[in-house]
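User: Please take a close look at a single part of this structure, namely the helix that opens its first chain, and describe its surroundings in one connected account.

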Amino acid sequence: MNSWINLDAIWRIVVVGLLTGAGLPALFALGLRLLNPAPLPGRPATDRPTAGPLGRTLAGLIFAVVLAAIGWGVSVIVNHR
Amino acid sequence: MTGNDAVLALMVATALGFDFTNGFHDTGNAMATSIVTGALPPRVAVAVSAVLNLVGAFLSTAVAATIANGLVATGEVTLTVVCAGLTGSILWNLATWYLGIPSSSSHALIGGVIGATVAAAGFSAVKWQGLVSKVIVPAALSPFIAGAVAAAGTVLVYRFTRGVPEGPRGRGFRYGQVGSASMVSLAHGTNDAQKTMGVITLALIANGTLPAGSKAPDWVILSCALAIALGTWIGGWRVIRALGKGLVEIEPPQGMAAESASAAVILSSTDFGYSLSTTHVATGSILGSGLGRSGARVRWQLARRMVAAWLLTLPAAALVGAVAYWVANGIGGTAGVVVIFVALVLASVTLFVASRYPAVTPENVNAAWTGTVAPEPTRTDEVSR
């Protein structure tokens, strides 16, 4: 490690940043996708099925994970001394 | 009240004034994307951001130390140095706000204090290695890291929601944006309010009011938290507009990806004691979210103007800080500090008055971007007023 530039910290920031900063919105997007399933083949795009119980449960789980991650983020700030 | 007490009071007033400009200069970092996509009405957005900044200011005191100990030789700091430095910081912040440039409040603060310290005690009073490793290197890298994270997030988000119709997709991501923008506001409170607390504490220690190694007293924490929250609530509409409308047209999925990237990068860096500029990170994220969505047009000319302002921020604030110190020190004593304080107030009032013609307000902040910070006044605006 060099005293002018801390490469160790930088790559950690990149990895944590990608996992939380890009990963969480991607998870959130996946949840939205589960709540809005694609139209059945051969049907018009306007005729969309609604999400079934499985889709809703999975989406709920995903949103819960996202919320938990935010809660973890807040606790990191609070406990940082 | 002795002369020293008067200087102390002016120092605290100047520091809180800086904290206030810090708040309204940076509202856009957290809220610009949510305001332009309609996730939150403009006035609600700034109110939410203000409350979270207030909360954030009480949560952590990690960053204050870097400002107070890592950058200048504390033995050379006097009340006059801090007053002069803060004068430079405030003037640069107000000038860039007037021009609608999201420049870094942290760099303005650091630049001003360093400039005044050099003017007072020479170049050897600055810890250059601390400046490079804690401020300049992170500043150079953070927009790229945030931009890459935001671009990756944007690509993934659009990919995963490809079949989802416009309506539910927009609604869903607007909810997401409220959450991610709130995180950025909270992170801003934990970072930026701390910086002013650090400077006031530094000056109080230098003055002998507090013993060496003291933490920020409660009244400093409370007043700094209130000043930054009040500034945020006023809303820097000129900067919000430049960030949200000027750089790239933002859709809700992009907005959420950009804010999540900002929050993630700021919070993970705070853990390493870097006092990152929220502004650099947020601007990098917004640009990255523009690169991640195919078909989005990034206005590179405006981005270049912003980057030029970033490069200038440290030296320019340092120069104004140094000049303010020479003036204050040349006149000497309490009178010198009073003179730069009065000059600062006059300059601030002038810039504020200039910003009213034409003004950027919650009503016109989302008007189509035509190349200027303040939108052209339209007939409908006149009628609705």
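Analyst: The account below covers the chain, the helix packing and then the aromatic pairs.

The model is predicted. Chain A has 81 residues, of which 27% count as buried. Two helices and zero strands make up its secondary-structure elements. Among the contacts in chain A with a separation of 6 or more, 54% are accounted for by residues 24 or more positions apart.

The helix in question, α1 of chain A, spans residues 7-35. It packs against helix α6 of chain B, residues 128-160, at an angle of about 20°, and the two axes are 8 Å apart. Because angles under 35 degrees count as roughly parallel, α1(A) is roughly parallel to α6(B). The crossing of α1(A) past α6(B) is right-handed.

On the α1(A) side, the residues that meet α6(B) include A:Ile10, A:Val14, A:Gly17, A:Leu18, A:Gly21 and A:Ala22, and further along A:Pro25, A:Ala26, A:Ala29, A:Leu30 and A:Arg33. On the α6(B) side, the residues in this contact include B:Leu141, B:Ile145, B:Val149, B:Ala152, B:Gly153, B:Leu156, B:Val157 and B:Phe160. By class, the contact of α1(A) with α6(B) comprises 15 nonpolar residues, three polar and one charged.

The aromatic side chains provide a second view of the helix. Over all chains, the structure holds five aromatic pairs. In one of them, the ring centres of A:Phe28 and A:Phe63 are 5.3 Å apart and the planes stand at 55°, so the pair is tilted. This pair links distant parts of the chain, since A:Phe28 belongs to helix α1 and A:Phe63 to helix α2 (residues 53-79) of chain A, 35 residues apart. A:Phe28 is buried, with a relative accessible area of 10%, whereas A:Phe63 is partly exposed at 23%.

For comparison, the rings of B:Phe20 and B:Phe24 have their centres 5.6 Å apart and their planes at 70°, so that pair is edge-to-face. Both residues lie in helix α1 (residues 3-36) of chain B and, being four residues apart, are separated by about one helical turn. B:Phe20 is partly exposed at 25% relative accessibility, while B:Phe24 is buried at 7%.

Returning to the helix of chain A, ring pairs join A:Phe28, A:Phe63 and B:Phe173 into a cluster. Helix α1 of chain A thus carries A:Phe28, whose ring pairs with that of A:Phe63, and α1(A) also packs against α6(B).

How values were computed: Residues are numbered from 1 along each chain as its sequence is written. Chains are lettered from A and ligands numbered from 1 in the order in which they are written. This is a predicted model: local features need pLDDT of at least 70, side-chain atom pairs count only at pLDDT 80 or more; totals for chains, interfaces and linings use all residues. Side-chain values use heavy atoms; hydrogens and water are left out. Rings of Phe, Tyr and Trp (its six-membered ring) pair if their centres lie within 6.5 Å; planes under 30 degrees apart count as stacked, over 60 as edge-to-face and the rest as tilted. Buried means under 20% relative accessible area, exposed over 50%, partly exposed in between (1.4 Å probe, protein chains only). Axes are lines fitted to C-alpha atoms, for helices over the stretch in contact, and angles run from 0 to 180 degrees between N-to-C directions. Angles under 35 degrees count as roughly parallel, over 145 as roughly antiparallel, 65 to 115 as roughly perpendicular and the rest as oblique. A crossing is left-handed if the near helix is turned anticlockwise from the far one by less than a right angle, and right-handed if clockwise. Contact means heavy atoms within 4.5 Å. Ala, Val, Leu, Ile, Met, Phe, Trp, Tyr, Cys and Pro count as nonpolar, Asp, Glu, Lys and Arg as charged, and the others, Gly among them, as polar.
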